[in-house]
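This briefing is meant to be read with the sequence and the coordinates side by side. Please have both open before turning to the points below.

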Amino acid sequence: MDTLSDVLNSVRFQSAMYGLIDCSAPWGIRLPPAQGHVRLFMVVRGGCLIQFIGESDPISLAAGELVLCRKDVAADLRDAPTSPVLPIEEACSRMPGRGQVLKLGGDGPASSLMIGCFTLDAHQQNPFMTSLPAIIHLKSQHLQSEPGLESTIRLLISEVSGHGPGGDILVSRLSDAIFVQVIRAYIAQIKHCKETPGWLKALTDPEIGAALNLIHEKPEAPWTVATLADEVNMSRTSFATKFAALVKTTPIDYLTSWRMQKAIALMRNGDENVEEIGSAVGYTSRAAFAKAFKKEVGRSPGEYRDALNTGKQAALSTT
């Protein structure tokens with residue numbers, strides 16, 4: 001499994017919600033803060049301005065453009081800077097569901113928007129989540145760089161606006177696909193940008209990307225800086241320096257962090273004991289694994305597993 005797939009596989013999509021909005025100028029709506037969510041704004045036709053509260057300049061979106069945002073602030077969407085905004089709660093009791101369209105505004109030029117909201121359940125040290133920028137703005141040329149993305153978006157719009165059987169599950173699957181395709185389009189966008197370091201940029205680097213693949217393919221292997229550097233044909237010093245510059249951490253710290261992510265996944269999904277989990281992620285002794293786990297996560301493996309089990313029991317008791 002490639003590095004991006006491996007990491008995204010650990011980012012669990014808890015839910016996705018979409019709504020279609022038809023607007024005629026003048027119009028404006030305010031969306032509340034979205035704590036723990038990633039929002040997606042897409043312009044189907046026309047255009048809009050997105051003003052995140054606290055930001056000085058709005059983002060202008062034209063037809064065929066989208067914004068992926070994880071800023072936990074309210075956002076104003078409108079056709080022009082002077083148009084008044086109406087809180088979404090006043091415009092409707094809830095976002096329109098599948099097959100429904102919210103209509104806003106007067107009798108001026110029309111625009112159509114699709115707004116999505118993902119809930120992602122991921123540990124805070126997940127490298128994808130820590131590298132994901134607050135705002136990703138993809139223009140038409142960026143969408144075209146990712147084969148199939150525009151087609152997937154059109155199919156999602158069709159399903160959101162329709163009542164076909166199985167539509168809810170199809171919308172969910174398409175949401176997953178669009179999320180991954182947007183990230184790939186963003187990676188292509190920043191590939192040659194020297195001012196944008198980070199884990200997502202590191203994936204595109206021939207040597208560091210290859211080293212990340214090795215770590216993710218075999219996190220249990222006894223990797224050292226020297227063995228990783230040798231595998232990607234770099235000197236130990238050059239490799240360590242370049243890795244830290246792109247990934248913003250050392251190779252061994254990254255390896256340890258990812259091992260803990262895999263350990264957490266095993267705790268959530270299996271019945272292995274702590275010793276077996278430690279062995280599966282590369283530790284020859286329970287004590288060494290417990291020490292590394294507590295340093296990374298803040299709890300011992302046993303305490304973390306107990307907390308997971310308590311949460312599961314609480315969830316069962318409410319069903």
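What follows covers the charged pairs, the cysteines, two helices and a few individual positions.

The model is predicted, and every value below is computed from its atoms. The structure holds seven salt bridges, whereas the number of disulfides is zero. Three of the charged pairs are described here, and two of the residues involved, Asp 6 and Asp 205, return in the notes on the helices.

**The pair Lys 262 and Asp 6**

- Lys 262 belongs to helix α11, which covers residues 251-269, and its side chain meets that of Asp 6 in a salt bridge with an N to O distance of 3.3 Å.
- Because Asp 6 sits in helix α1 (residues 3-10) and Lys 262 in helix α11, this pair ties together parts of the chain that are 256 residues apart in sequence.
- The two partners differ in their surroundings: Asp 6 is buried, with a relative accessible area of 6%, while Lys 262, at 27%, counts as partly exposed.
- Once neighbours within four places in sequence are set aside, Lys 262 is in contact with Asp 6, Pro 219 and Val 281.
- By C-alpha positions, Lys 262 lies 31 Å from Gly 148, the two being 114 residues apart in sequence.

**The pair Glu 146 and Arg 184**

- Glu 146 and Arg 184 form a salt bridge in which the closest N and O atoms are 2.5 Å apart.
- Glu 146 is placed in the loop between α4 (140-144) and α5 (149-161) and Arg 184 in helix α6 (residues 167-190), so the pair ties together parts that are 38 residues apart in sequence.
- Here the acidic partner, Glu 146, is buried with a relative accessible area of 8%, whereas Arg 184 is partly exposed at 43%.

**The network around Asp 205**

- The side chains of Lys 242 and Asp 205 meet in a salt bridge, with 3.0 Å from N to O.
- This pair links distant parts of the chain, 37 residues apart, with Lys 242 in helix α10 (residues 236-247) and Asp 205 in the loop between α7 (199-202) and α8 (206-217).
- Asp 205 is buried, its relative accessible area being 14%, and Lys 242 is partly exposed, with a value of 27%.
- Glu 207 is also involved, since Asp 205, Glu 207 and Lys 242 are linked in a network of salt bridges.

**Cysteines**

- For Cys 23, the closest cysteine sulfur belongs to Cys 48 and lies 7.9 Å away, which is too far for a bond; Cys 23 itself is buried, with a relative accessible area of 1%.
- For Cys 117, the closest cysteine sulfur is that of Cys 69, at 9.9 Å, and this distance is likewise too far for a bond; Cys 117 counts as buried at 15% relative accessibility.

**Helix α1**

- The buried residues of α1 are Thr 3, Leu 4, Asp 6, Val 7 and Leu 8, so the list includes the salt-bridge partner of Lys 262.
- These buried residues pack against α3 (127-131), α6, α7, α8 and α11.
- At the start of α1, a side-chain oxygen of Asp 2 reaches to within 3.2 Å of the backbone nitrogen of Leu 4.

**Helix α8**

- The twelve residues of α8 should span 16 Å at 1.5 Å a residue, and the C-alpha atoms at its ends are 16 Å apart, which agrees.
- Within α8, the buried residues are Ile 208, Gly 209, Ala 211, Leu 212, Leu 214, Ile 215 and His 216.
- The buried residues of α8 pack against α1, α7, α9 (225-231), α10 and α11.
- Asp 205 caps the N-terminal end of α8, where one of its side-chain oxygens lies 3.1 Å from the backbone nitrogen of Glu 207.

**An exposed loop position**

- Gly 54 is found in the loop between β4 (47-52) and β5 (59-62), and at 76% relative accessibility Gly 54 counts as exposed.
- Gly 54 and Ala 75 are separated by 21 residues in sequence and by 9.5 Å in space, C-alpha to C-alpha.

How values were computed
Residues are numbered from 1 along each chain as its sequence is written. This is a predicted model: local features need pLDDT of at least 70, side-chain atom pairs count only at pLDDT 80 or more; totals for chains, interfaces and linings use all residues. Side-chain values use heavy atoms; hydrogens and water are left out. Helices (H or I, at least four residues) and strands (E, at least two) are DSSP runs, numbered from the N terminus. Buried means under 20% relative accessible area, exposed over 50%, partly exposed in between (1.4 Å probe, protein chains only). Contact means heavy atoms within 4.5 Å. A salt bridge is a side-chain nitrogen of Lys or Arg within 4 Å of a carboxyl oxygen of Asp or Glu. A disulfide is a pair of cysteine sulfur atoms within 2.5 Å. A polar contact is a pair of N or O atoms within 3.5 Å; within protein, one must be able to donate a hydrogen and the other to accept it, and residues adjacent in sequence count only if both atoms are side-chain atoms. The expected span of a helix is 1.5 Å times one less than its number of residues.
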